[in-house]
Amino acid sequence: MIERRRSKLHGWGVFATERIPKNKRIIHYAGEKITHRESREREERYLKRGKIWCFRLNNRWVIDGAVGGNLARFINHSCKPNCYAQVIDGVIWIRASKTIEPGEELTYNYRTDGAKSIPCRCRPGCKTRL
Ligand SMILES: C[S@@+](CC[C@H](N)C(=O)[O-])C[C@H]1O[C@@H](n2cnc3c(N)ncnc32)[C@H](O)[C@@H]1O
Ligand SMILES: [Zn+2]
């Protein structure tokens, strides 16, 4: 249903290889479960290379896709995305927010709450920082 390819947004991205219906659970965000404290330390390290892999699960836990992650960690951010993230029974699911056609890049809104130092490239002139 999806595959990794080079993206115009940034580095690698994830693209649909077939039509994906709205609300479909496409993939879960896999990775190591760590505390927010540990995540802050790792994010500092990751930021030096310009990429962050940590996804906030809840007030207590963060999932680090850089350790034991799957394809979901290559999904880029967009301010006008075609997917959304939803936590169901402690699992972060990436779901389609509309029908996605083959060849479209999957994106969701990261809603980052960290350093916000990476300028968003979802469209020319976007002022968001990730
Ligand atoms: C989880 S990775 C996504 C996969 C990444 N493209 C790669 O090649 O590894 C998250 C990182 O991708 C980059 N990224 C994702 N969406 C972006 C966007 N809309 N604009 C600029 N950089 C983006 C940022 O560096 C972010 O920290
Ligand atoms: Zn943007």
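In the predicted model, serine 7 is found in the loop that runs between β1 (2-6) and β2. Serine 7 has 18 C-beta neighbours inside 10 Å and therefore counts as partly exposed, since the buried class begins at 20 such neighbours. When residues up to four places away in sequence are set aside, serine 7 touches Trp12, Gly13, Asn76 and Glu105. Isoleucine 26 lies 19 residues from serine 7 along the chain, and the C-alpha atoms of these two residues are separated by 19 Å.

Trp12 and Asn76, both touched by serine 7, are also listed among the closest residues to ligand 1, together with His10, Gly11 and His77. The shell around this ligand is made up of 20 residues, and by class these divide into 9 nonpolar, 8 polar and 3 charged residues. Two strands, β2 (12-16) and β7 (76-77), each contribute at least two residues to the shell around ligand 1.

As a whole, the secondary structure of the chain comprises 1 helix and 10 strands, arranged along the sequence in the pattern β-β-β-β-α-β-β-β-β-β-β. The helix, α1, covers residues 36-48 and thus has 13 residues; the distance from its first C-alpha to its last is 19 Å, close to the 18 Å expected at 1.5 Å a residue. Glycine 50, placed just after α1, adopts a positive phi of about 80°.

With respect to overall dimensions, the C-alpha trace spans about 40 × 35 × 20 Å along its principal axes. The radius of gyration of the chain is 14 Å, in agreement with the value near 14 Å for a compact globule of 130 residues. Of these 130 residues, 28% count as buried. Among the contacts in the chain with a separation of 6 or more, 64% are between residues 24 or more positions apart.

In soluble globular proteins, nonpolar side chains tend to be buried together. The largest nonpolar core of the present chain contains 23 residues, of which Ile26, Ile75, Ile94 and Leu106 touch the most other members. Two or more residues of this core are given by each of β2, β3 (25-28), β5 (54-56), β6 (61-64) and β9 (91-96), and the greatest contribution is that of β9, with 3 residues. For isoleucine 75, the contacts beyond four places in sequence are with Val14, Ile94, Leu106, Thr107 and Tyr108; Ile94 and Leu106 thus appear both in this list and among the core residues that touch the most other members.

The loop between β2 and β3 holds two further residues considered here, threonine 17 and asparagine 23. Threonine 17 has 11 C-beta neighbours inside 10 Å and so counts as exposed, whereas asparagine 23, with 13 such neighbours, counts as partly exposed; the exposed class is limited to 12 or fewer. Leaving aside neighbours within four places in sequence, threonine 17 is in contact with Met1, Ile2, Glu3 and Pro102. The C-alpha atoms of threonine 17 and isoleucine 100 are separated by 9.7 Å, although the two residues are 83 residues apart along the chain. The backbone of asparagine 23 has a phi near 75°, a positive value in a residue other than glycine.

A positive phi, of about 50°, is also found in aspartate 89, again in a residue that is not a glycine. Aspartate 89 is located in the loop between β8 (83-88) and β9, and because its C-beta neighbours inside 10 Å number 5, aspartate 89 counts as exposed.

Towards the end of the listed elements, cysteine 126 is found in the segment after β10 (107-108). With 13 C-beta neighbours inside 10 Å, cysteine 126 counts as partly exposed. Its contacts, not counting neighbours within four places in sequence, are with Cys79, Cys120 and Arg121. As for the first of these partners, cysteine 79 and cysteine 126 are 47 residues apart in sequence and 8.5 Å apart in space, C-alpha to C-alpha.

Methods. Residues numbered from 1 in each chain as written. Chains lettered and ligands numbered in written order. Predicted model: local features only at pLDDT ≥ 70, side-chain atom pairs only at ≥ 80, totals over all residues. Helix = DSSP H or I, 4+ residues; strand = E, 2+ residues; numbered from the N terminus. Expected span 1.5 Å × (residues − 1). Near = placed C-beta within 6 Å. Nonpolar A, V, L, I, M, F, W, Y, C, P; charged D, E, K, R; others polar. Rg over C-alpha atoms; globule rule 2.2 N^0.38 Å. Contact = placed C-beta atoms within 7 Å. Core = buried A, V, L, I, M, F, W, Y, C linked by C-beta atoms within 7 Å.
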